[in-house]
Amino acid sequence: MTTTPIVEARGIHKHFGHLHVLKGVDLSVAERELVFVIGPSGSGKSTLLRCLNRLEEPSSGSVIVDGIDMLDPRTDINHARQRIGMVFQSFNLYPHMTALGNVTLALRKVAGKSRGEAEALGLAALARVGLADRAGHTPGQLSGGQQQRVAIARAIALEPRVMLFDEPTSALDPELVGSVLEVMRALRESGMTMIVVSHEMGFARNAADRVVFMDHGLIVEQARPRRSSRRRPRSARAPSSARSRGIDVFAGSTPLQWRSFSVPQAKMRDRCRALPAMSAR
């Protein structure tokens, strides 16, 4: 029996003036699936995420999220966005408000909760990310990792059906990355549907159901990640410059099954080599 995807994007094009950023992207995501999106800078990854919840208006195409046509002019976009939470690279917290205040603002203003109900839901969300004891702290009193976890709590407090993560760890110091990834792992284990743009290749290998590779505004490869229970010897891990640059996450006999790409092999190899090094976590 075929299951209806919870996210269904078809033929997504996005132009910024003369710049054609997305060139007919199709992406389907099943409920409870974790899809990891990778690719070189400028390939359209973040723009795709922003089109899914209409932070950017697609130039053409269709986006259905949990049965809601996101591009229908009759859609109440504020109500629809309660079903598709988003966490950004920058934390986007209000500096004059406490962690709890940041989490409860949308619950009161968008979801229409009373102050008491919003605070109860906000404290529960902060507890899920391990920050119940920081509810009264302002962003300036929190580390970068804690601020990002507050941003995650703000998103999950609205009980979305889908979570979008746009480079959630790239602005953090290396020692703070682990706490954010642990929260994301817990969300994944709870069954949350997630679409993640990130260069955290170790997380992709261990947690993702599917890895999508984008380049030049197109999805050019997608497959299951290659699972590994132990690290291979260096000589086995890096037989080519492409693999040593962190893209050996696909299942199969070769790092990215070059012949399946719809763009010239040499150009794609050059672009893959531009990816950051794979995390050792």
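In this tour, helices are DSSP runs of H or I with at least four residues, numbered from the N terminus. The model on display is predicted.

**First stop: the largest pocket**

Begin by selecting Phe88, Ala106, Val110, Arg154 and Leu158, which lie nearest the centre of the largest pocket. The full lining has 21 residues, and the space in this pocket comes to about 610 Å³. Next, colour strand 6 (84-87), helix 3 and helix 5 (144-156), each of which supplies at least two residues of the lining. Which of the helices gives the most to this lining? Helix 3 does, with four residues. Colouring the lining of the largest pocket by class will show 12 nonpolar, six polar and three charged residues.

**Second stop: Leu158**

Keep Leu158 selected, since the next step concerns its surroundings. Leu158 is placed in the loop between helix 5 and strand 7 (162-166). Apart from neighbours within four places in sequence, Leu158 is in contact with Gln82, Ala106, Leu107 and Ala111. Now add Ala118 to the selection: the C-alpha atoms of Leu158 and Ala118 are 9.8 Å apart, although 40 residues separate the two along the chain.

**Third stop: helix 3 against helix 4**

Select residues 99-109, which form helix 3, and residues 115-128, which form helix 4. The two helices pack with their axes 8 Å apart, at an angle of about 125 degrees. That angle makes helix 3 oblique to helix 4. Their crossing is right-handed. To see the contact, show the side chains on both sides: helix 3 contributes Ala99, Leu100, Val103, Thr104, Leu107 and Arg108, while helix 4 contributes Arg115, Ala118, Glu119, Leu121, Gly122, Leu123, Ala125 and Leu126. By class, the contact of helix 3 with helix 4 contains nine nonpolar, two polar and three charged residues.

**Last stop: helix 5 against helix 6**

Return to helix 5 and add helix 6, residues 174-189. At what angle do the axes of helix 5 and helix 6 cross? They cross at roughly 20 degrees and come within 8 Å. Helix 5 and helix 6 are therefore roughly parallel to each other, the limit for that description being an angle under 35 degrees. The crossing of helix 5 and helix 6 is right-handed. On the helix 5 side, select Gly144, Gly145, Gln148, Arg149, Ile152 and Ile156; on the helix 6 side, select Leu176, Ser179, Val180, Val183 and Leu187. The residues of this contact divide into six nonpolar, four polar and one charged.

Terms used: Residues are numbered from 1 along each chain as its sequence is written. This is a predicted model: local features need pLDDT of at least 70, side-chain atom pairs count only at pLDDT 80 or more; totals for chains, interfaces and linings use all residues. Side-chain values use heavy atoms; hydrogens and water are left out. Axes are lines fitted to C-alpha atoms, for helices over the stretch in contact, and angles run from 0 to 180 degrees between N-to-C directions. Angles under 35 degrees count as roughly parallel, over 145 as roughly antiparallel, 65 to 115 as roughly perpendicular and the rest as oblique. A crossing is left-handed if the near helix is turned anticlockwise from the far one by less than a right angle, and right-handed if clockwise. Contact means heavy atoms within 4.5 Å. Ala, Val, Leu, Ile, Met, Phe, Trp, Tyr, Cys and Pro count as nonpolar, Asp, Glu, Lys and Arg as charged, and the others, Gly among them, as polar. On a 1 Å grid over the protein atoms alone, a cavity is a set of points where a 1.4 Å probe fits but cannot get out, and a pocket is an open set with protein on both sides within 12 Å along at least five of seven lines; lining residues have an atom within 4 Å of a point. Grid points are joined across faces, edges and corners, and a volume is the space filled by probe spheres set on the points.
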